[in-house]
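Let's take a walk through a protein chain together. Have a look at the sequence and the fold first, and then we'll go through some parts of it.

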Amino acid sequence: FIRPVIAKYYGQEEECKSFKLGTHIKTAAWDEKGSMVCCLEESRAIFYYFPTAPFVDVDLLKETRETIDLGETIKCAKVESMCHNRCVVALQNESIIHVPISEGHSLLNELASVGAWQKCIRLCQFRNNPTMWAVLALEGIRQDELAAAESGLLAIKAVEKLEHLRSIRKMPKGEVRSRRLSIRTRSFVEFISLLILSSLSTRTA
């Protein structure tokens, strides 16, 4: 199986979280920047375009995943590398196949990493790929860029999450809004820390 791990530090204490993405994965490779991963499971190639989605919103993990059936030839294959728009898979007979990756994901990650949110939105509109919209939503939530997150949730028709996000957007930036985001994204330790720091009374979100 494959299990991404994330560590957060709260003063002198460290909190580690992990999440199992799959159970029958034979081989996997991260892209060169570590933002995507390709796995081989039986006769399928599975691309996780936002493998840390469970640490933001686990419900959206499936929206950022793409599965390609490659047939029986890859049952003993190995993922050699993943770069930009292709994944290199080595077969048992030592031949190589190139599995195409949905175009735009690498560029979307680069734009989000530098905060170019309007370009992210325009790229998603141009590609009109549901997995890209889901990645945009998750990146927006993770980086507290709620306008971008709202665009992504609207595109994938995540109505309940969209309504919740819009209620958060009405709040001023700062501790109160961060508190409600941390509840929504299941960061319970972060939620408790914010309560202590801001001396706010708890209420169910």
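In which loop is E42 found? E42 lies in the loop between β4 and β5. Its phi is positive, about 55 degrees, although E42 is not a glycine. At 48% relative accessibility, E42 counts as partly exposed (buried means under 20% relative accessible area, exposed over 50%, and partly exposed in between, using a 1.4 Å probe and protein chains only).

Before going on, a word on the ground rules: this is a predicted model, with local features needing pLDDT of at least 70 and side-chain atom pairs counting only at pLDDT 80 or more, while totals for chains, interfaces and linings use all residues. Residues are numbered from 1 along each chain as its sequence is written, and side-chain values use heavy atoms, with hydrogens and water left out.

**The overall picture**

The chain's secondary structure comes to eight helices and nine strands (DSSP runs numbered from the N terminus: H or I of at least four residues for helices, E of at least two for strands). Of the 205 residues in the chain, 45% are buried. Among contacts with a separation of 6 or more, 43% come from residues 24 or more positions apart (contact means heavy atoms within 4.5 Å).

**The strands**

Back to the strands around E42. An open sheet of four strands runs in the order β3-β4-β5-β6, with antiparallel pairing (two strands pair if DSSP finds at least two bridges between them). At the edges sit β3 (27–30) and β6 (65–69), each pairing on one side only. From one strand to the next, the twist averages 15 degrees. Within this sheet, C39 stands opposite I46 in β5.

What holds paired strands together in general? Strands of a sheet pair through backbone hydrogen bonds, either parallel or antiparallel.

Further along the chain, β8 pairs with both β7 and β9. Here are three antiparallel pairs:

| Strand | Partner | Bridges |
|---|---|---|
| β4 (residues 37–41) | β5 (residues 44–48) | five |
| β7 (residues 78–83) | β8 | five |
| β8 | β9 (residues 96–100) | five |

Strand β8 (residues 86–90) is mostly covered, with four of its five residues buried. Opposite A90 in β8 stands K78, while R86 has P100 in β9 as its bridge partner. The hairpin of β7 and β8 has two residues between the strands, and H84 there takes a positive phi near 55 degrees. The hairpin of β8 and β9 has five residues in between, and E94 in that turn has a positive phi of about 75 degrees.

**The helices**

How do α2 and α3 meet? The axes of helix α2 (residues 105–113) and helix α3 (residues 117–127) come within 8 Å and cross at roughly 160 degrees, so the two are roughly antiparallel to each other (that label is for angles over 145 degrees). Making the contact are L107, L108, L111 and A112 of α2, and W117, K119, C120, L123 and C124 of α3. These residues divide into eight nonpolar, no polar and one charged.

After α3 comes N128, in the loop between α3 and α4. N128 also has a positive phi, about 50 degrees, although it is not a glycine. Is N128 buried or exposed? At 57% relative accessibility, N128 counts as exposed.

Finally, I141 has its place in helix α4 (residues 130–142). With a relative accessible area of 12%, I141 is buried. The C-alpha atoms of I141 and L165 are separated by 8.9 Å, with the two residues 24 apart along the chain.

Terms used. Axes are lines fitted to C-alpha atoms, for helices over the stretch in contact, and angles run from 0 to 180 degrees between N-to-C directions. Angles under 35 degrees count as roughly parallel, over 145 as roughly antiparallel, 65 to 115 as roughly perpendicular and the rest as oblique. Ala, Val, Leu, Ile, Met, Phe, Trp, Tyr, Cys and Pro count as nonpolar, Asp, Glu, Lys and Arg as charged, and the others, Gly among them, as polar.
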